[in-house]
Amino acid sequence: MSQDAAKRKAAEAALKYLVPGEVLGVGTGSTVNHFIDLLAGRRADVPAAVSSSEASTVRLKAAGIPVVDLNSAGTLSIYVDGADESDPHLRLIKGGGGALTREKIVAAASRRFVCIADESKLVPVLGKFPLPVETIPMARSYVARELTKLGGIPRLREGFTTDNGNVILDVGGLSITDPVKLETEINQLAGVVCVGLFARRPADVLILGAPAGVRELKAV
Ligand code: 5RP
C-alpha cells in the first residue's frame, strides 16, 4: 500500500467523528485533502467548516462546503488535521505545509482534535522532522540565534511566506524529550509567532493508516 493510500484510509476513518449539523475545523496538507474530498459526499451533515489555510479554503469551497470565520463559529466540536510526527502521547510536530499558526488556533478552539496520518508519522521521540517555527521577518536572524542556543540547527524555508506574511525557520538537530517545555521556551522568544510543537494541546485521537488497516490511539 502506498503512503498516499494509507493517508486516504486514515481520512476515511475520521468521518465517524463528524458531528452531524455542526461546523467543524479543517486542517491542511495531503492527508486532509483526502478528508476534504470525502466531505463532499457528506455535505448534508456539514453546514460549514473553519479552515486553517488559504489552500484548504479553496479545496473546501470546491467540495461544496461553506467556509466560515472562526470568530463567528464559537467553540468547534471537532478539528481534523494531519501531522508531520506524533509521539505515543499524541504530541505533534506540525507545520510542514506552513499552516501551523492557524492550525494551532483552530485546534485550541476545538473540543476534540482528531489527527490523521499514515503510520510512518508515529515516532518514539519527536524531532527527526525539522521543527517549523513561524517568525516575524525582521526577527529572523535573532530567533535563529536563540534557537541555536536551544540546541537546534535552524534553516530558513527559502521562497516561502506563510498565509500571515511571515517566514518559517525549520529547526533540525533536536531530540525533543520534553515537548511541553520546549514549546513554552520557543513561544517566549520575541519575534516567534508560533512553534509547530502541539504538546500543550496534543491530539485527542490519532488515526494511523497502514497496510494492515487503520489503528487508533487515544490520549490517556
Ligand atoms: C501543515 C501540516 C500538515 O498537517 C502536515 O505537514 C502533514 O502533512 P501531510 O498530510 O501532507 O503529510 O502541519 O502545516
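In what sense do strand 7 and strand 10 pair, and over how many bridges? Strand 7, residues 131-135, pairs with strand 10 in the antiparallel sense, and three bridges link the two. The model is predicted. The points below cover the sheet to which these strands belong, the helices on that sheet, two helix-helix contacts and the surroundings of R91.

**Sheet**
- The sheet is open and has four strands, in the order 8-9-7-10, with antiparallel pairing.
- Its edges are strand 8 (153-156) and strand 10 (192-195); each has a single partner strand, so one side of each lacks a neighbour in the sheet.
- On average, neighbouring strands of this sheet are turned by 30 degrees against each other, direction ignored.
- Between strand 7 and strand 10, which pair over three bridges, T135 is placed opposite V192 of strand 10.

**Helices on the sheet**
- Helix 6, residues 140-149, packs on the sheet and touches strand 7, strand 8, strand 9 (167-172) and strand 10.
- The direction of helix 6 makes about 15 degrees with that of strand 9.
- Helix 7, residues 179-187, also packs on the sheet, where it touches strand 7 and strand 10.
- The direction of helix 7 makes about 165 degrees with that of strand 10.

**Helix 1 and helix 2**
- Helix 1 (residues 3-14) and helix 2 (residues 30-39) have axes that come within 8 Å and cross at roughly 50 degrees.
- At that angle helix 1 counts as oblique to helix 2, and the crossing is right-handed.
- From helix 1, D4, K7, R8, A11, E12 and A14 take part; they meet S30, T31, H34, F35, D37 and L38 of helix 2.
- By type, the residues of this contact between helix 1 and helix 2 are four nonpolar, three polar and five charged.

**Helix 2 and helix 3**
- The axes of helix 2 and helix 3 (residues 54-62) come within 9 Å, with a crossing angle of roughly 25 degrees.
- Helix 2 is therefore roughly parallel to helix 3, and passes helix 3 in a right-handed crossing.
- Helix 2 contributes V32, N33, I36, D37 and L39 to the contact, and helix 3 contributes S56, R59 and L60.
- The residues of the contact of helix 2 with helix 3 comprise four nonpolar, two polar and two charged.

**R91**
- R91 lies in the loop between strand 4 (85-86) and strand 5 (92-93).
- The side chains of R91 and D87 are joined by a polar contact of 2.8 Å.
- Leaving aside residues up to four places away in sequence, R91 touches E85, S86, L126, P179, F198, A199 and P202.

Definitions and conventions:
Residues numbered from 1 in each chain as written. Predicted model: local features only at pLDDT ≥ 70, side-chain atom pairs only at ≥ 80, totals over all residues. Heavy atoms only, no water. Pairing = 2+ DSSP bridges. Axes fitted to C-alpha atoms, helices over the stretch in contact; angles between N-to-C directions. Contact = heavy atoms within 4.5 Å. Polar contact = N/O pair within 3.5 Å; in protein donor to acceptor, adjacent residues only side chain to side chain. Parallel < 35°, antiparallel > 145°, perpendicular 65-115°, else oblique. Left-handed = near helix turned anticlockwise from the far one by under 90°. Nonpolar A, V, L, I, M, F, W, Y, C, P; charged D, E, K, R; others polar.
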